[in-house]
Amino acid sequence: MKKEFFILRLHDIGAIKFGEFTLKSGKKSPFYFDLRDMISYPDILNTAVNLIVDKIEDLDFDYISGIPYTALPIATLVADILDKPLIYARKEEKSYGTKNTIIGKFEKGSKCLIIDDLITSGESIIEISEKFNKEGIETIDFSVLIDRSDNAKQKLSNAGFNLHPIFELDEVIKILRTNNRITKQRASQIKKYTNVKHEKTDIKVKNNHLTKILKQKIEQKKSNLILSLDVDNQKDFFEIIDKTYKHIVMVKTHVDIINDFDENFIKKLKEYAITRNFMIFEDRKFADIGNTVQKQYKNGIYKIKQWSNFITVHASPGEGILQGLFSGVVNRSSFLLAKMSSKGNLMNDNYTRQVFEMGKKYSDVVSGYIVHANTKEELQRLKNKIPKGQLLLMPGVKLKAGEDATGQQYTTVEDAMQGGADCIIVGRGIIANNNPEKIAKEYKERAWKIYSNK
Ligand code: 5BU
């Protein structure tokens with residue numbers, strides 16, 4: 001009832017129009033939605049608010065936001081009914097005074113649900129979520145009144161977002177047709193139009209959302225350095241982060257080597273990641289059938305899925321491993337092991353090539369590959385095979401080339417970066433040094449110098 005009323009009232013006030021329209025993308029459309037005026041009709045506004053409340057009240061979030069302008073008053077009323085605090089992102093950049101992009105009082109590390117009136121391509125959702133993410137607010141759930149897009153729901157889901165539309169186009173047309181607001185011919189014309197694929201409205205989700213955030217951090221911190229923090233106690237762990245966080249984009253953990261692991265460790269690590277601006281990467285190297293890895297990822301004492309942005313995954317069990325790890329999981333991604341750094345490893349060229357193929361197919365949950373090579377030429381050769389948009393992370397890196405006692409091989413920072421690494425993974429080169437801060441800075445600067453010149 002409410003739904004039908006809402007659409008018919010929108011039609012009454014001319015918010016749904018038919019004819020020939022040119023959209024922002026340049027594409028022609030036989031219909032047009034303009035919901036801006038609905039805020040002046042209390043019955044319509046009230047229904048919109050009710051429909052959204054019904055849809056989202058059971059979701060898990062701390063704050064509500066609306067994309068200015070139309071959705072902001074709607075979000076305000078929804079926030080009031082659900083008794084949730086309201087925040088929103090400034091539309092224009094502010095050049096004076098405090099430069100806050102998010103208005104309202106919020107805590108970093110919390111979740112915000114965002115409301116919009118209409119979704120056409122999904123681009124605005126990606127943009128707005130970047131603004132929130134920059135301020136440390138997670139945005140996974142979006143609710144819109146009308147989804148008039150080409151399959152944005154699926155595309156956004158690939159990028160780690162959940163879209164909760166009140167109406168999809170088919171339903172709007174059905175209501176209008178059943179109530180004789182449009183002719184049969186008009187309805188079938190619209191149906192035909194929506195069956196055509198419209199390339200221009202495709203949102204780019206080839207690089208998944210987390211890949212994008214990592215790339216942004218690299219640029220923002222001018223660092224390609226991932227710290228492999230292989231220490232066995234919490235005290236050392238956090239002390240080293242305190243000394244090095246300015247120079248790194250990500251902390252790589254082996255959580256199962258921390259002797260005094262407890263829940264507090266995870267809490268503190270998450271807080272650190274936000275306040276010190278780095279991502280978290282658990283180097284778990286999953287390697288079992290889908291059903292088992294799914295449990296290993298979610299359960300047990302470590303509950304890796306809850307806190308780690310990225311994980312490492314072996315491709316050898318086949319695609320089922322990615323399906324097991326990531327089905328129904330949002331905002332998480334992985335790196336596949338394509339060529340390890342240990343001497344005599346069995347990953348030959350054929351294997352590595354197949355890993356890239358698998359990663360390309362699953363780029364929504366694969367941000368790139370772990371690849372090691374002993375020379376820059378060899379690395380360059382492998383880099384050229386990596387699908388566009390995905391990253392190459394290289395372990396086995398030190399200031400000087402060499403080997404350790406158990407077969408770890410090291411290549412220099414310069415060779416790694418000239419060979420095309422996007423990030424270098426450094427463990428003992430930093431943590432075994434008596435001045436981690438100074439040496440981390442040196443690794444960062446040496447790598448960035450080459451990267452930024454490319
Ligand atoms: P190192 O201290 O810089 O040698 O530490 C390297 C880290 O990277 C360590 O945590 C390894 O488990 C991890 N690693 C690696 O060295 N080589 C690989 O091929 C992969 C991971 Br995959």
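## Lys222 and Asp83

In this predicted model, Lys222 is partly exposed, with a relative accessible area of 47%. The residue sits in the loop that links helix H8 (209–221) to E9. Lys222 is not a glycine, yet its phi is positive, at about 45°.

Asp83 also has a positive phi, of about 55°, although it is not a glycine. Asp83 belongs to the loop between H3 and strand E4 (88–89). Its relative accessibility is 68%, and the cut-off for exposed is over 50%, so Asp83 counts as exposed.

## The barrel

Strand E9, which follows the loop of Lys222, is part of a barrel. The barrel is closed by 8 strands in the order E9-E10-E11-E12-E13-E14-E15-E19, and the pairing is parallel. From one strand to the next, the twist averages 30°. In general, the strands of a sheet pair through backbone hydrogen bonds, either parallel or antiparallel.

Two of the strand pairs can be described by their bridges. Strand E9 (residues 225–228) runs parallel to E10 and is joined to it by 3 bridges. Ser228 stands opposite Lys252 in E10. Strand E11 (residues 279–286) and strand E12 (residues 310–313) are likewise parallel, with 3 bridges between them. Here Glu282 has Ile311 in E12 as its bridge partner.

Strand E10 (residues 250–253) is covered on both faces. Met250 and Lys252 lie on one side, Val251 and Thr253 on the other, and all four residues are buried. Lys252, the residue opposite Ser228, is thus named among the buried residues of E10.

## Helix H14 on the barrel strands

Helix H14 (residues 349–361) lies across two strands, E13 (333–339) and E14 (366–371). Relative to E13, helix H14 runs at about 165°. Both strands appear in the barrel order, where E13 is followed by E14.

## Packing of H1 against H2

Helix H1 (residues 2–12) and helix H2 (residues 42–56) have axes that come within 10 Å and cross at roughly 140°. An angle over 145 degrees would count as roughly antiparallel; H1 and H2 are therefore oblique to each other. Their crossing is left-handed.

On the H1 side, the contact is made by Lys2, Lys3, Phe5, Phe6, Arg9 and Leu10. On the H2 side, these meet Asp43, Ile44, Thr47, Ala48, Asn50, Leu51 and Asp54. By type, the residues of this contact divide into 6 nonpolar, 2 polar and 5 charged.

## Thr139, a buried loop residue

Thr139 is placed in the loop between helix H4 (123–134) and strand E7 (141–147). Is this loop residue buried or exposed? Its relative accessibility is 1%, and buried means under 20%, so Thr139 counts as buried.

The surroundings of Thr139 include residues from elsewhere in the chain. Leaving out residues up to four places away in sequence, Thr139 touches Cys112, Ile114, Ser129, Phe132, Asn133 and Phe161. One of these, Ile114, is 25 residues from Thr139 in sequence, while the C-alpha to C-alpha distance is 7.3 Å.

## A cis peptide bond at Pro68–Tyr69

The peptide bond from Pro68 to Tyr69 is cis, with omega near 5°. Tyr69 is found in the loop between strand E3 (63–66) and helix H3 (71–82). Helix H3 also borders the loop that holds Asp83.

## The open sheet

Apart from the barrel there is an open sheet of 3 strands, in the order E16-E18-E17, with mixed pairing. Which strands are at its edges? They are strand E16 (397–398) and strand E17 (402–403), and each of them pairs on one side only.

Strand E17 and strand E18 (residues 409–412) pair in the antiparallel sense, over 2 bridges. Within this pair, Glu403 stands opposite Gln409 in E18.

Notes. Residues are numbered from 1 along each chain as its sequence is written. This is a predicted model: local features need pLDDT of at least 70, side-chain atom pairs count only at pLDDT 80 or more; totals for chains, interfaces and linings use all residues. Side-chain values use heavy atoms; hydrogens and water are left out. Axes are lines fitted to C-alpha atoms, for helices over the stretch in contact, and angles run from 0 to 180 degrees between N-to-C directions. Angles under 35 degrees count as roughly parallel, over 145 as roughly antiparallel, 65 to 115 as roughly perpendicular and the rest as oblique. A crossing is left-handed if the near helix is turned anticlockwise from the far one by less than a right angle, and right-handed if clockwise. Contact means heavy atoms within 4.5 Å. Ala, Val, Leu, Ile, Met, Phe, Trp, Tyr, Cys and Pro count as nonpolar, Asp, Glu, Lys and Arg as charged, and the others, Gly among them, as polar. Buried means under 20% relative accessible area, exposed over 50%, partly exposed in between (1.4 Å probe, protein chains only). Two strands pair if DSSP finds at least two bridges between them.
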